[in-house]
Amino acid sequence: MASSVSTRIEKTDTAFLNAALNLAARGLGSVAPNPAVGCILVNDGRVVGRGWTQPGGRPHAETEALRQAGSQAQGACAYVTLEPCAHHGRTPPCADALIEAGISRCVVALQDPDERVQGQGIARLRAAGVEVSLGLCADAASETNEGFLRRVTEGRPLVTLKIASTLDGRIATHSGESQWITGPKARVRGHLMRASHDAIMVGSGTALTDNPRLDVRLPGLTERSPLRIVIDRRLRLPLQHDLVVRAKEQPTLLVTKTDSNAARLQGYRDAGVEVLETSDGKDEAISLAAVLQSLGRRGITRLLVESGGTLAGSLFAADLVDRIAWFRSGGVIGGDGMPAVSGFGLDRLKEMPKFSLRSSIALAEDRLEVFHRRNFQSLGST
């Protein structure tokens, strides 16, 4: 009998935590440097409050759920996708707010690795007599907040490489024609992906060839356009390019090598473009690892890369690709077309970056396959 009761409770907890994770996902792309958290308050089997991290990172999910629940939070169970914070920032600690509201139980999917928290929120709850369960749905919670977790533990954002190619992995014909390999539904999904990321990166070649705006052009989501980043070692980006002209409307970061032409750089800055100069000392190449560390320091948690083959190959060579969103059309271009990923010096199959297929959906005549790298482990604890 006890076993069946325990199983029933776990199923109920799992259902509410999954619902909280769905709420958390609403914040992706708009809450950095904070994590995207979801919270559901349940009293006598009824949901009395729901919340998720609001744009800019405040208010927190717990605060939103408590505001909605009001006095019904007394004796409730809180389902939270990440450990409630225990430090004072622009708002008081969420752990304290839950305690003051009188919750009796808290089910937490994942412990927060931020050194300002790291179990302190859970400890406060337990010290106040709140029953705390930790670790249920930890893998799913890690996946939702992988960008935040990587920034905290590795100092860099999650990197998702977006590719739109033919069946044979070509992104353009031998003459360079690439628009459009995939259809309208795939392009709409691509804009939704942009809205869930903090920044979007291209190389100068893609910027020159495709003249991308790198914004979100979907009704109701235009304000979710991310920071635009261009890797441009030789300063090839024209001052008349949309990425420069609209830099004061949509923030743009140009990354180039150190000791670049000062007058040219000033032209970008006068147009509102932020400039980052960096180099790894090898043939004046740009260190992508250093660039990602810089983005991590400025609070970027999720980076979408919409590059050509050269930048994609460089990211694979540096082992910096965490996810791949591969849009495939039903067409074939052939071996003289431009490859989705340029060569990066792989000699042995055992050195090949490996990814696991996580989802596959049809988008009219196209298909989107999402892959995650195999070496990311959940940071949850039990």
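This is a short talk on the salt bridges, open spaces and unusual backbone spots in one structure. Keep in mind throughout that the model is predicted.

I'll start with charge pairs. The count of salt bridges comes to 24. I will go through a few that involve two arginines, Arg323 and Arg156.

Arg323 pairs with Glu146, with N and O at 3.0 Å. Arg323 sits in strand S13 and Glu146 in helix H6, which covers residues 146-154, so this bridge ties together parts that are 177 residues apart in sequence. Both Arg323 and Glu146 are buried.

Now Arg156. Its side chain meets that of Glu154 in a salt bridge at 3.4 Å, N to O. How exposed or buried are these two partners? Arg156 counts as buried because its relative accessibility is 6%. Glu154 has a relative accessible area of 37%, so Glu154 is partly exposed.

Arg156 also has a salt bridge to Asp322, where the closest N and O atoms are 2.9 Å apart. Arg156 is in the loop between H6 and strand S6 (158-165), while Asp322 is in the loop between H12 and S13, so this pair links parts 166 residues apart in sequence. Here both Arg156 and Asp322 are buried. Through shared partners, salt bridges join Glu146, Arg150, Glu154, Arg156, Asp319, Asp322, Arg323 and Arg373 into one network.

One member of that network, Asp319, brings us to helix H12. Asp319 comes just after H12 and takes a positive phi of about 55°. The helix itself spans residues 309-317, and its buried residues are Gly309, Leu311, Ala312, Gly313, Leu315 and Phe316.

Next, a charged residue without a bridge. Asp366 lies in strand S16, residues 366-373. What does the side chain of Asp366 reach? Asp366 is buried yet has no salt bridge, and the nearest side chain of opposite charge, that of Arg187, is 6.8 Å away. The side chain of Asp366 does reach the backbone nitrogen of Gly183, at 2.7 Å.

On to the spaces. The second largest pocket holds about 730 Å³. Its lining has 24 residues, and those nearest the centre are Glu143, Arg302, Arg323, Val370 and His372. So that is Arg323 again, the residue bridged to Glu146. Which elements supply at least two residues each to this lining? They are helix H1 (2-24), helix H5 (138-144), helix H7 (184-195), strand S13 (323-328), strand S15 (355-363) and S16. S15 gives the largest share, 4 residues. By type, the lining divides into 11 nonpolar, 8 polar and 5 charged residues.

There is also an enclosed space. Searching the whole structure gives 1 cavity of 30 Å³ or more. The volume of the largest cavity is about 60 Å³. It is lined by 15 residues, and Leu28, Asn34, Asn145, Thr301 and Arg302 are the closest to its centre. Arg302 is also among the residues nearest the centre of the second largest pocket. The cavity lining is made up of 6 nonpolar, 7 polar and 2 charged residues.

Last, the backbone. The peptide bond from Ala32 to Pro33 is cis, with omega near 10°. Pro33 is placed in the loop between H1 and strand S1 (38-43). A cis bond is also found from Arg58 to Pro59, with omega near -5°. Pro59 is in the loop between strand S2 (46-52) and helix H2 (61-69).

Two further residues have positive phi without being glycine. For Cys137, phi is near 65°. Cys137 is in the loop between strand S5 (131-134) and H5, and it counts as buried because its relative accessibility is 17%. For Asp259, phi is about 60°. Asp259 is in the loop between strand S10 (252-256) and helix H10 (262-270). Is Asp259 buried or exposed? Its relative accessibility is 68%, so Asp259 counts as exposed.

One more loop residue to finish. Leu239 is in the loop between strand S9 (227-231) and helix H9 (242-245). At 32% relative accessibility, Leu239 counts as partly exposed. Leu239 and Ala262 are 23 residues apart in sequence, and their C-alpha atoms are 14 Å apart in space.

Terms used
Residues numbered from 1 in each chain as written. Predicted model: local features only at pLDDT ≥ 70, side-chain atom pairs only at ≥ 80, totals over all residues. Heavy atoms only, no water. 1 Å grid on protein atoms, 1.4 Å probe; cavity = no way out; pocket = protein on both sides within 12 Å on 5 of 7 lines; lining within 4 Å. Points joined across faces, edges and corners; volume = space filled by probe spheres on them. Nonpolar A, V, L, I, M, F, W, Y, C, P; charged D, E, K, R; others polar. Buried < 20%, exposed > 50% of the residue type's maximum accessible area, 1.4 Å probe, protein only. Lys, Arg positive; Asp, Glu negative; His and termini not counted. Salt bridge = Lys/Arg side-chain N within 4 Å of Asp/Glu carboxyl O. Polar contact = N/O pair within 3.5 Å; in protein donor to acceptor, adjacent residues only side chain to side chain.
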